[in-house]
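Visitor: I would like to go through this model by question and answer. Please give the reasoning before each result.

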Amino acid sequence: MRLRLGFALLAASLMSIPAASEPWRDGFVPRIEALALMQTLNASLLASRSATATLEKWCADHKMSAEPKIIARRIAGIEQQPSADTRRRLDVSDEEPVKYRRVQLACGDHVLSEADNWYVPGRLSDEMNRTLEMTETPFGKAIAALQPFRRTIEMKVRWSPLPEGWELSAIPTASPENAGGALSIPHDLFEHTAVVYARDQRPLSEVHETYTREVLDFPAPLAGAPRE
């Protein structure tokens, strides 16, 4: 009898643990958790010298892939000329070549961000330029020998799990028709525009990054679960 009871309790406990593919459920607490996670990642990126390193740590910490390594999936067939403001920030003349690279930064099956990158090939080594044109190496890793760092010039929030002024009104909950349903998360969460510099302060590239809902592709925290 005790053995059967033990198996029943074990089965019940396993059923309460969400699978990795289970979507976030709508409700006030999950929305608070999503907001906190977004703000944590956003702050880490703003404080970091390398977006790639930050995303790899995020992927590893949340066990999103057996190999938490960021690759830059090239998106071919798209070309965008640098704006006059971009050339000014890169300190290049109208005649100096500026190359464009559009990629999806992915960890395993998760596309964490989509990036447009305008870079000055004349300020990189031949090997770095070949790596950027021929491989899926992220920009920061390809130019690591230059000891790059970044300065964010603009940040935009595209979605907030909680409406503006939520703290001044009744606690928002899921709508009755969506009670217990999945939390609807849009594709774009927030954006960064940054300039990447070499150690000698010379600008190397300008990057525009859109961070996607796939940064939350892991089970939502277990609200109310006991902590060790």
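Visitor: Are Arg102 and Glu114 buried or exposed?
Guide: The model is a predicted one, and the burial classes rest on computed relative accessible area, with under 20% as the limit for the lower class. Arg102 falls in that class, and so does Glu114. Both residues are buried.

Visitor: How far apart are the closest N and O atoms of Arg102 and Glu114?
Guide: Side chains of opposite charge can pair when their charged atoms come close. Arg102 sits in strand 2 (residues 99-107) and Glu114 in strand 3 (residues 110-119), 12 residues apart, and the pair links distant parts of the chain. The cut-off for a salt bridge is 4 Å. Arg102 and Glu114 form one, with their closest N and O atoms at 3.8 Å.

Visitor: Which residue is linked with Arg102 and Glu114 in a network of salt bridges?
Guide: The structure holds 11 salt bridges. Arg102 and Glu114 form a salt bridge, and they belong to a network of such bridges. The residue linked with them there is Asp116.

Visitor: Which residue pairs with Arg158 in a salt bridge, and at what N to O distance?
Guide: The pair links distant parts of the chain, 33 residues apart, with Arg158 in the loop between strand 4 and strand 5 and its partner in strand 5. Arg158 is partly exposed, because its relative accessible area is 45%. The partner counts as buried, because its relative accessibility is 9%. That partner is Glu191, and the N to O distance is 2.8 Å.

Visitor: How far apart are the closest N and O atoms in the salt bridge between Asp61 and Lys57?
Guide: Both residues lie in helix 3, 4 residues apart, which is about one turn of the helix. Asp61 is partly exposed, with a relative accessible area of 44%, whereas Lys57 is exposed at 53%. Their closest N and O atoms are separated by 2.7 Å.

Visitor: At what angle do the axes of helix 2 and helix 3 cross?
Guide: Two packed helices are described by the angle between their axes and the distance between the axes. Here helix 2 covers residues 28-47 and helix 3 covers residues 51-61, and their axes come within 9 Å. The crossing is right-handed. The angle is roughly 145°.

Visitor: Which residues of helix 2 and helix 3 make the contact?
Guide: Helix 2 passes helix 3 in a right-handed crossing. On the helix 3 side, the contact is made by Ala51, Thr54, Leu55 and Trp58. On the helix 2 side, the residues are Leu37, Thr40, Leu41, Ser44 and Leu45.

Visitor: Which residues form a nonpolar patch on the surface, and with what accessible area together?
Guide: One member is Val157, located in strand 4 (residues 149-157). Val157 counts as exposed because its relative accessibility is 53%, and the limit for that class is over 50%. The patch consists of Leu46, Met155 and Val157, with about 250 Å² together.

Visitor: What is the phi of Gln147, and what is the phi of Gln201?
Guide: Most residues other than glycine have a negative phi. Gln147, in the loop between helix 6 (139-142) and strand 4, has a positive value instead. Gln201, in the loop between strand 5 (188-197) and strand 6, also has a positive phi. The values are near 50° for Gln147 and about 75° for Gln201.

Visitor: Why are Gln147 and Gln201 classed as partly exposed?
Guide: The class lies between the buried limit of 20% and the exposed limit of 50%. Gln147 belongs to it because its relative accessible area is 39%. Gln201 belongs to it because its relative accessible area is 44%.

Visitor: What separates the C-alpha atoms of Pro221 and Pro30?
Guide: Pro221 is found in the segment after strand 6 (203-212) and is partly exposed at 32%. Along the chain, Pro221 and Pro30 are 191 residues apart. Their C-alpha atoms are separated by 7.9 Å.

Visitor: Which pattern does the protein follow along the sequence?
Guide: The protein has 6 helices and 6 strands. Among contacts between residues at least 6 apart in sequence, 70% join residues at least 24 apart. The order of elements is α-α-α-β-α-β-β-α-α-β-β-β.

Key: Residues are numbered from 1 along each chain as its sequence is written. This is a predicted model: local features need pLDDT of at least 70, side-chain atom pairs count only at pLDDT 80 or more; totals for chains, interfaces and linings use all residues. Side-chain values use heavy atoms; hydrogens and water are left out. Patches are made of residues with over 30% relative accessible area and no salt bridge: like charges are joined within 9 Å, nonpolar side chains (Val, Leu, Ile, Met, Phe, Trp, Tyr) within 5 Å. Accessible areas come from the Shrake-Rupley method with a 1.4 Å probe; for residues, only the protein chains shown count as cover. A salt bridge is a side-chain nitrogen of Lys or Arg within 4 Å of a carboxyl oxygen of Asp or Glu. Helices (H or I, at least four residues) and strands (E, at least two) are DSSP runs, numbered from the N terminus. Buried means under 20% relative accessible area, exposed over 50%, partly exposed in between (1.4 Å probe, protein chains only). Axes are lines fitted to C-alpha atoms, for helices over the stretch in contact, and angles run from 0 to 180 degrees between N-to-C directions. A crossing is left-handed if the near helix is turned anticlockwise from the far one by less than a right angle, and right-handed if clockwise. Contact means heavy atoms within 4.5 Å.
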